[in-house]
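Biologist: I would like a close look at a single part of this protein, explained slowly enough that a first-year student can follow each step.

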Amino acid sequence: MDWYVLTLFPELIDTIVNTSITGRAVKKGILRLHSVNIRDYAERADGRVDDYPYGGGAGMVMQAEPVVRAVEAAKEASGGQTKVIYLTPQAKVLTQPKAEELAREKSLILLCGHYEGIDERALDACVDEYLSIGDYVMTGGELGAAVVIDVVSRFVPGVLPNDDSARFESLQDNLLEYPQYTRPVEWRGEKVPAVLLSGDHTAVEKWRYEESLKRTKERRPDLMKKNLHVTCITGGGDTAAEFGKKYTDAVTRYGDFMDFDRRKLQKSGRKFGPDDLVIFALTPDAMDEARFRSVSGDQSRAVILLVSGTTNPGQEEKEREADTCRPSSEAEEVDLFMNEGEDWDMAPVRMEMMLNRKGFRVVTLASADAGTSDEEIAGMAVALREKLDAESG
Ligand code: 4FD
């Protein structure tokens, strides 16, 4: 990824970004940093790029011409289409989902203001997005740019030592990270929690999830109300299960799975609540009313992931063996039961109507097939999280 930073203090950006993890990524060629001194585009012979504010008041304002010239040069150098982001306290605050979104850009231009900011006409002429790193004022945008580069670059493949660790991290689920321990096992009389030494992977996961919940409730109760519990219901064979799992993993670290090809689960069913998000990863033929007779929601949110692909050979057989499947009288009434030879293009639409009647609100209808890459699935999950975040404000 190419970063262009337009600033009066390029050496400040260079020093920060060329250090530690981002520095190693620059050396590896995964990140490229182009720091541009706005002063190089000064009009005046003395090289100054600021002047007094019209209307009076304290401080200086950066002039339009040098800023716009620097932006135009960076745009050209980066290939023409690059988004220009202005760091300012007068903007939405950067979040993990926003960072993940920005990481999908090939290059970005970050504009750093100093003094009292930049002439509004320059901003109107060339800024695509305004971004803040937090509700406080700094002497310049440079530290903000360094923060943006750091946070966004963690999502660029190859930057972190463990390739997908950024995705599975603190705040991704609006949960704080669980506590970490390293050697020695006993330090000044304090022992490492025994479960972490047990080798029981499931027990470790459970403990960490509970610690995360406990910690979030205690330190950041404001994050708790944003949390949805995610359950993935799959049906229609291995391909649906596989995509359901991938998509759910990209949405949350803590998803539950229900394989609705199993008659037993269909029978026992589930009642979901307002804090539940249910991902229905199904082939069209698995989207029948009878299958979900015992599933209901209560202002629950749902995602339909339509998976095109073959039902497992012998799957139907297995189902027939296990139980006889009769449509509910309600299904017959509204004609939602799939009959043989029926138009499967309509299946997701019918599924959505059915879910609406059952107390779900479908937030997204997505689809995947054998050709859908992991990156595409990850992108779909990001889009979902952005949507949910936008809803909860
Ligand atoms: N919270 C931030 C960004 C920049 C900044 C500046 C107008 C001041 C804080 C535009 C006034 C830029 C932030 C420079 N302070 N200071 O992201």
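In which sense do strands S13 and S15 pair, and over how many bridges?

Modeller: Before I answer, please keep in mind that this is a predicted model, in which local features need a pLDDT of at least 70 and side-chain atom pairs count only at pLDDT 80 or more, while totals for chains, interfaces and linings use all residues. Residues are numbered from 1 along each chain as its sequence is written.

S13 and S15 pair in the parallel sense, and six bridges join them; two strands are said to pair if DSSP finds at least two bridges between them. Strands (E, at least two residues) and helices (H or I, at least four) are DSSP runs, numbered from the N terminus. Within this pairing, phenylalanine 280 stands opposite isoleucine 304 of S15.

S15 is mostly covered, with eight of its eight residues buried, where buried means that 20 or more other C-beta atoms, placed from the backbone, lie within 10 Å of a residue's own, exposed means 12 or fewer, and partly exposed is in between. You can follow this on both faces of S15, since Ser300, Ala302, Ile304 and Leu306 are buried on one side, and Arg301, Val303, Leu305 and Val307 are buried on the other.

S15 also runs parallel to S16, and eight bridges join these two strands. One place to look is alanine 302, whose bridge partner in S16 is valine 362. Valine 362 counts as partly exposed because it has 17 C-beta neighbours inside 10 Å. Leaving out residues up to four places away in sequence, valine 362 touches Ala302, Ile304, Glu352 and Leu355, where contact means that two C-beta atoms, placed from the backbone, lie within 7 Å. Of these, glutamate 352 is 10 residues from valine 362 in sequence, and their C-alpha atoms are 6.5 Å apart in space.

If we now step back, these strands belong to an open sheet of five, with parallel pairing and the order S11-S10-S13-S15-S16. At its edges are S11 (256–259) and S16 (360–368), each of which pairs on one side only. On average, neighbouring strands of the sheet are turned by 20 degrees against each other, direction ignored. Towards the S11 edge, S10 (residues 229–235) pairs with S11 in the parallel sense over four bridges, and there threonine 234 has aspartate 259 of S11 as its bridge partner.

Helix H9 (residues 238–251) packs on the sheet and touches S10, S11, S13 (276–282), S15 (300–307) and S16, while its direction makes about 165 degrees with that of S10. Such angles run from 0 to 180 degrees between N-to-C directions, with axes fitted to C-alpha atoms, for helices over the stretch in contact. Helix H14 (residues 374–392) lies across S15 and S16, and runs at about 160 degrees to S16.

Finally, to place this part within the whole, the protein chain has 14 helices and 16 strands, and buried residues make up 32% of its 393 residues. Among the chain's contacts between residues at least 6 apart in sequence, 79% join residues at least 24 apart.
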